[in-house]
Amino acid sequence: MTESKHEKLGLWLQWIGASAIGGFVFAVLARRVSMAAGGTIGDSFGPVAAEVVIGALALGGIMVGIAAGQWLVVRRSVAWAGWMVLAMVAGGMAGGATGFGVLQGLGGVDGGAFAVAVAVVAGLVALGGVGWLLLRGRASAVGRFAWRSMAAVVAAVAATGLSGIALGEYSGGGVGGAVFGAVYAGVTGFVVLPSAGGRSQ
């Protein structure tokens, strides 16, 4: 393997590893904080407001950990790394708030497949849309990053669910967050890491 290939492999491993560690740590914190805050808000403003807060803090919280890990890996080589972090966190909060809020507004899981589908689509559009707005004019890869982020969340949620089935009681909290972070990184890395060779972006 050439030195260039070694460097690329090393960068990919750092990218995925840092994202998994960030997801592991922040998934536990985000779950506890989101549920506590959601319960407090729900007592005053009702179940829809509670789910909006839970969704924003749960998805936004885990994205803080993943984004922080990714920023550490590419902060010196990707000019828009700081904006990437902001786009991920703000997009995660917007997507989580929208998805959870819409689902609850349509009756929760009792609303059936239609309610779930609408909530998922709304959440993904909010996540990708906020990311696109924040990166517009700052990164030539803005469109690809927005779409990849949406696909990455879908893939990460699916992988986390499958890990839960495979691992059972051992999949909760940090382990699920690590799986989420690693898969999210694997999907978005194809947009971010090619920019890591310089600061032209």
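Is Thr 188 buried or exposed, at 1% relative accessibility? In this predicted model, Thr 188 counts as buried because its relative accessibility of 1% falls under the 20% cut-off. The residue belongs to helix 6, which covers residues 174–192. Leaving aside residues up to four places away in sequence, Thr 188 touches Trp 15, Gln 70, Arg 148, Ser 149 and Ala 152. A further spatial relation links Thr 188 to Ala 146: the two lie 42 residues apart along the chain, and their C-alpha atoms are separated by 9.2 Å.

**Helices 4 and 5**

Helix 4 comprises the 24 residues 112–135. From its first C-alpha to its last, helix 4 reaches 35 Å, close to the 34 Å expected at 1.5 Å a residue. Its buried residues include the glycines Gly 123, Gly 128 and Gly 131, together with Leu 124, Leu 127 and Leu 135; Ala 115, Ala 119 and Ala 126 are also buried. These buried residues pack against helix 2 (47–74), helix 3 (81–105) and helix 5 (142–167). Gly 137, which has a positive phi near 85°, follows helix 4.

Helix 5 has 26 residues, which should span 38 Å at 1.5 Å a residue; the end C-alpha atoms are 36 Å apart, in agreement with that value. Buried positions in helix 5 are Val 142, Phe 145, Ala 146, Ser 149, Met 150, Ala 152, Val 153, Ala 156 and Ser 163. Their cover includes helix 3, helix 4 and helix 6. Two of these buried residues, Ser 149 and Ala 152, are also among the contacts of Thr 188.

**Aromatic and charge–ring arrangements**

Across the whole structure, a search finds two aromatic pairs. In one of them, Trp 80 and Phe 145 have ring centres 5.8 Å apart and planes at 80°, so the arrangement is edge-to-face. Trp 80 is in the loop between helix 2 and helix 3, whereas Phe 145 is in helix 5, so the pair ties together parts that are 65 residues apart in sequence. Both partners are enclosed: Trp 80 counts as buried at 1% relative accessibility, and Phe 145 is buried with a relative accessible area of 3%.

Two arginines have their charged ends placed over tryptophan rings, as tabulated below.

| Charged residue | Ring | Distance from ring centre |
|---|---|---|
| Arg 75 | Trp 71 | 5.7 Å |
| Arg 138 | Trp 83 | 3.5 Å |

**Internal space**

Which residues line the largest cavity? The lining is formed by Met 63, Ala 87, Met 88, Leu 127, Gly 128, Gly 131, Phe 145, Ala 146, Ser 149 and Tyr 184. Helix 3, helix 4 and helix 5 are the elements that give two or more residues to this lining. The cavity holds about 50 Å³ of space, and the count of cavities of 30 Å³ or more comes to one. Phe 145 therefore appears both as a buried residue and in the cavity lining.

The largest pocket contains about 1,000 Å³ of space. Of the 37 residues lining this pocket, Ala 58, Leu 59, Phe 100, Val 157 and Phe 180 are the closest to its centre. Two or more lining residues come from each of helix 1 (3–45), helix 2, helix 3, helix 4, helix 5 and helix 6.

Notes:
Residues numbered from 1 in each chain as written. Predicted model: local features only at pLDDT ≥ 70, side-chain atom pairs only at ≥ 80, totals over all residues. Heavy atoms only, no water. Helix = DSSP H or I, 4+ residues; strand = E, 2+ residues; numbered from the N terminus. Expected span 1.5 Å × (residues − 1). Buried < 20%, exposed > 50% of the residue type's maximum accessible area, 1.4 Å probe, protein only. Contact = heavy atoms within 4.5 Å. Phe/Tyr/Trp six-rings, centres within 6.5 Å; stacked < 30°, edge-to-face > 60°. Lys NZ or Arg CZ within 6 Å of the ring centre and 35° of its normal. 1 Å grid on protein atoms, 1.4 Å probe; cavity = no way out; pocket = protein on both sides within 12 Å on 5 of 7 lines; lining within 4 Å. Points joined across faces, edges and corners; volume = space filled by probe spheres on them.
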